[in-house]
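This explanation goes through a few local features that are easy to miss when a model is first loaded. Keep the sequence and the coordinates open while reading.

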Amino acid sequence: MKSRRNASNPALRRAAVGLTAVAVALCGRAAATRADEPAPAATRQGWTVAERADFDHLALGSELFPLAWAQALDSAITGKPFLTGLDRHGLINDPADPNHLPIGLTAARAKFGTPMTMLGINCAACHVTVATYKGKSLRIDGAPNPIDMITLNADLADSTTKLATDPAAFAKFILLVVGNPEEKLRVGSTYPYAYQVLATMAAADAKANSSAMRTQLTAALAVLFAPRSVAWPVDCDPEGTPILGDPVAPEWLAKVVKIEGELAPALDALLLDLSKSGVPLGPLAGVARSQAAAQLATHLATTLWYLKQQSAEMQKQVMLRSFPGGTAGGPGRVDDFRLARNLTVNKLNIAFPGTAPSSIPILWGTNRVQWLGWDATADSTMERNIGTAVAIGAVLNRATFDSSIAPYNVFRLEEIASKVQPPAWPTTLFGPLDAAKVERGALLFKARCVNCHLDEAALKASAGAISKWIPDLTYGLDEVGTDPNRAVNFVNDFTDRSAGSPLPDSLKFLMKMLYRQNGVGPLDAEQLLGGRTESWRATGRYAGRPLRSIWAAAPYLHNDSVPTLRDLLLPAAQRPVKFRRGGREFDPVNVGFIEPPADAPAFLFDTSLSGNHNSGHEYGTDLPEADKSALIEYLKAN
């Protein structure tokens with residue numbers, strides 16, 4: 001987790017977990033999406049054009065990485081610009097966005113330090129998906145998206161690590177990023193000579209259409225990357241991350257100054273060689289050359305310092321998501337409550353492995369549910385969403401609780417989410433429904449399923465007026481029989497004080513601090529609650545929910561351990577033990593996603609692992625095949 005510091009606030013921490021980057025055009029770099037790339041057809045689910053645009057890209061306070069720097073970053077995995085092909089991690093291209101950001105990625109000014117534009121992530125990255133079928137695609141709002149946070153984190157962490165350890169990669173990055181207008185303003189105003197040198201070198205390199213200039217810069221940087229007696233201050237207190245524009249603590253500054261002193265002579269020699277070879281350095285000749293070399297040394301050393309610490313912190317985030325003893329989430333699953341606990345309430349150097357990666361839930365109908373979550377734990381949207389914001393990259397000071405989280409934007413996103421309507425079965429894409437089967441399936445659902453999975457139409461018919469909340473139904477672990485980790489872990493997180501306050505207590509305190517910092521008065525605070533009590537409870541049980549448009553929520557069970565509805569109607573012993581996840585091609589017969597081809601990248605879901613068990617919920621498994629087909633047809637139509 002990265003930190004932000006200033007003179008009065010040495011412990012400002014950024015929980016940079018949902019690490020990613022966005023696709024914004026850069027001179028000499030292709031955008032992540034093409035302007036002519038067709039957008040998928042979209043379901044009609046109650047959002048206005050403006051609401052959909054806000055949900056896709058409104059920043060909630062997540063700050064992951066400077067936008068200008070991400071634009072100049074190469075992926076250590078693909079060898080191509082990091083921002084291209086982010087669908088490899090489950091992000092969805094958005095060719096309609098003027099900045100070419102994938103759905104769910106944001107760009108907003110940093111709240112602390114130098115006012116740079118920062119990359120972030122919001123709700124849509126997880127709660128908007130695309131399904132494909134026979135060459136056509138369909139956007140579904142409010143459905144779980146198979147985003148893979150682990151591969152996304154690892155890709156960015158490894159790419160930044162390469163940048164921070166490979167002088168050739170660093171030289172390429174430096175000459176690319178100098179062309180960004182925001183970087184020009186930042187560096188040009190602070191280190192004008194350094195900026196002029198780098199801009200001149202970048203222009204000369206581009207004009208020659210070669211890497212010769214990069215080769216010369218790489219050679220000069222050798223001293224910067226060589227082993228040294230004066231170590232980089234990366235191993236200092238983890239609160240000491242250098243953030244651009246923040247004052248540097250004296251004990252760390254002394255080390256960086258020593259490193260700059262070692263680098264400056266090499267850069268001075270480089271500038272002299274460039275001048276002799278005819279590179280137009282302009283007013284940098286003579287005495288000004290040494291000033292330029294000194295400025296350049298400072299700029300390059302502090303940039304590399306930042307990147308080295310950024311690399312170390314990103315690798316820590318990868319570790320937290322795949323902590324020893326934990327279970328990998330893979331596409332479409334997160335363990336954000338355990339992650340938020342590790343980042344907000346624990347004493348330093350204490351971490352709890354995430355052993356309950358759970359499916360990203362559907363959004364439609366949540367405005368009718370009082371106790372949210374797979375285990376019905378929270379009558380909360382603001383506090384819950386604050387916890388999620390911490391887990392996807394919001395700045396958080398664990399001493400003062402200063403944070404970059406934007407409460408009004410958090411409320412706006414929740415308000416939009418509450419309006420999304422369940423998608424109807426897309427007959428034009430997946431084919432028509434069998435009316436006779438639907439009718440038969442409705443009878444079976446009423447006889448077998450409705451006691452746990454309430455039908456709101458039936459509730460209204462029997463009770464007259466519908467109450468604000470649907471009935472609160474929960475079931476014990478021994479009764480439902482599904483993997484217990486999610487319910488058990490939250491009980492522990494709710495009650496355990498060995499590493500600090502329980503998560504709900506910390507989130508409640510953080511919400512109050514955010515309101516104070518953002519000038520949220522009592523009337524606005526009441527509105528931001530959205531009719532909720534902001535209460536929490538530990539049930540140790542799982543909730544029964546309505547199954548509206550459940551066809552769009554595959555895979556199934558709270559931990560995604562069963563790939564299709566047809567598999568769910570098999571006894572647990574007959575369900576797939578292992579299956580490959582990550583594809584978007586839909587199977588309208590069995591209702592789920594088809595496994596990716598054997599030669600395509602995929603996540604192997606192993607139900608033998610802790611948190612992944614596919615046991616339990618053996619309801620309807622005794623039905624004859626014809627009745628199972630009828631029940632599935634009804635669930636498509638419902």
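Helices and strands are DSSP runs here, a helix having at least four residues and a strand at least two, and both are numbered from the N terminus. On that basis Glu-534 belongs to the loop between α21 (522-528) and β14 (535-536). The model is a predicted one.

Backbone geometry comes first. Most residues other than glycine have a negative phi, and most peptide bonds are trans. Glu-534 departs from the usual sign, with phi near 55°. Its position in the loop does not leave Glu-534 exposed: the relative accessibility is 3%, so the residue counts as buried.

His-617 also has a positive phi, near 45°. This histidine sits in the loop that runs between β19 (603-606) and α23 (625-637). With a relative accessible area of 18%, His-617 is buried because the cut-off for that label is under 20%.

The peptide bond that joins Ala-554 to Pro-555 is cis, and its omega is near -5°. Pro-555 lies in a loop as well, the one between β15 (541-543) and α22 (565-568).

The cysteines are the next topic. How many disulfides does a search of the whole structure find? The search returns zero. Cys-126 is in no disulfide, and the nearest cysteine sulfur, which belongs to Cys-123, is 8.4 Å away. A disulfide requires two cysteine sulfur atoms within 2.5 Å, so the sulfur of Cys-123 does not qualify as a partner for that of Cys-126. Cys-126 has 13% relative accessibility and therefore counts as buried.

Why does Cys-449 not form a bond with Cys-452? The sulfur of Cys-452 is the closest cysteine sulfur to that of Cys-449, but the separation is 8.5 Å, and the two are unbonded because this is too far. Cys-449 has 17% relative accessibility, so this cysteine is buried.

The last residue to look at is a lysine. Lys-308 is part of helix α11, which covers residues 287-321. Is Lys-308 buried or exposed? Its relative accessibility is 18%, so Lys-308 counts as buried. The side chain of Lys-308 reaches the backbone oxygen of Ala-164 at 3.1 Å. That distance falls within the 3.5 Å limit for a polar contact between N or O atoms.

Key:
Residues are numbered from 1 along each chain as its sequence is written. This is a predicted model: local features need pLDDT of at least 70, side-chain atom pairs count only at pLDDT 80 or more; totals for chains, interfaces and linings use all residues. Side-chain values use heavy atoms; hydrogens and water are left out. Buried means under 20% relative accessible area, exposed over 50%, partly exposed in between (1.4 Å probe, protein chains only). A polar contact is a pair of N or O atoms within 3.5 Å; within protein, one must be able to donate a hydrogen and the other to accept it, and residues adjacent in sequence count only if both atoms are side-chain atoms.
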